[in-house]
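Welcome! Take a moment to look over the sequence and turn the model around before reading on. The paragraphs below will walk you through it step by step.

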Amino acid sequence: MQGIYDAQIEIYQKWITNKEFKSEIRFRFIGDKKLLPSEYQKVINDLEERTKNNKKHQCNILVAYNGQWEMVEAAKRAFNQKEKLNVNNYYQFLDIQTPIDIVIRTGFEKRFSGCPLY
């Protein structure tokens, strides 16, 4: 698994210095980041921070992600904002706010469970 982390860290570091990305693509990493190695957390936080004001494109990358985790986090956000969560407003509390265009699995598992529930 460390090899996958190392390869991703190397790519993300290249993206940080990519001039085209700096002005056009906003990167967001969605998932329970505290489960990830500290070096990985550092580079993804840096990439998010450096691209947070980019508006032309958005790239959501799911890391340590589970659809059930996202639903629980959405419920916590609704509760903290004292909102009643229902079928009409749940979407505003999710981390994934845009349609999913492509999914690439880098893990060794061949199943798709835990992916976004909608």
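Which residues does Gln97 touch, not counting residues up to four places away in sequence? Keep that in mind while we find our bearings. What you see is a predicted model, and Gln97 is found in the segment after helix 4. With a relative accessible area of 35%, Gln97 is partly exposed. Its touching partners, once residues up to four places away in sequence are set aside, are Tyr91 and Gln92. You can also look for Asn60, which is 37 residues away from Gln97 along the chain; the C-alpha atoms of these two are separated by 9.4 Å.

Now let's step back to the whole chain. The protein chain has four helices and two strands. Starting at the N terminus, these elements follow the order α-α-β-α-β-α. The protein chain holds 118 residues, and 31% of them are buried. About 8,500 Å² of the protein chain is exposed, with carbon and sulfur atoms supplying 53% of that area. As for contacts in the protein chain with a separation of 6 or more, 68% of them involve residues 24 or more positions apart.

Next, turn to a pair of helices. Two packed helices are described by the angle between their axes and the distance between the axes. For helix 1 and helix 3 (residues 38-51), the packing angle is about 25° and the axes are 10 Å apart. Angles under 35 degrees count as roughly parallel, so helix 1 is roughly parallel to helix 3. The crossing of helix 1 past helix 3 is left-handed. Helix 1 brings Tyr5, Gln8, Ile9, Tyr12, Gln13, Trp15 and Ile16 to this contact, while helix 3 brings residues including Tyr40, Val43, Ile44 and Leu47.

Some of those names return when we look at aromatic rings. Tyr5, Tyr12, Trp15, Phe27, Phe29 and Tyr40 form one aromatic cluster. The count of aromatic pairs in the model comes to six. Take Tyr12 and Trp15: their ring centres are 5.4 Å apart and their planes meet at 50°, so this pair is tilted. Why are they separated by about one helical turn? Tyr12 and Trp15 are three residues apart in helix 1 (residues 2-17), and that spacing is why about one helical turn separates them. Tyr12 is buried, at a relative accessible area of 5%, whereas Trp15 is partly exposed at 24%.

Tyr65 and Trp69 offer another pair to explore. Their ring centres lie 6.3 Å apart with planes at 75°, so the pair is edge-to-face. Tyr65 has a relative accessible area of 16% and is buried; Trp69, with 18%, is buried as well.

Finally, pause at Ala64, which sits in the loop between strand 2 (57-62) and helix 4 (67-80). What is notable about its backbone? Most residues other than glycine have a negative phi. The phi of Ala64, however, is near 50°, a positive value in a residue other than glycine. Ala64 is partly exposed, because its relative accessibility is 33%.

Note on methods
Residues are numbered from 1 along each chain as its sequence is written. This is a predicted model: local features need pLDDT of at least 70, side-chain atom pairs count only at pLDDT 80 or more; totals for chains, interfaces and linings use all residues. Side-chain values use heavy atoms; hydrogens and water are left out. Rings of Phe, Tyr and Trp (its six-membered ring) pair if their centres lie within 6.5 Å; planes under 30 degrees apart count as stacked, over 60 as edge-to-face and the rest as tilted. Buried means under 20% relative accessible area, exposed over 50%, partly exposed in between (1.4 Å probe, protein chains only). Contact means heavy atoms within 4.5 Å. Accessible areas come from the Shrake-Rupley method with a 1.4 Å probe; for residues, only the protein chains shown count as cover. Axes are lines fitted to C-alpha atoms, for helices over the stretch in contact, and angles run from 0 to 180 degrees between N-to-C directions. Angles under 35 degrees count as roughly parallel, over 145 as roughly antiparallel, 65 to 115 as roughly perpendicular and the rest as oblique. A crossing is left-handed if the near helix is turned anticlockwise from the far one by less than a right angle, and right-handed if clockwise.
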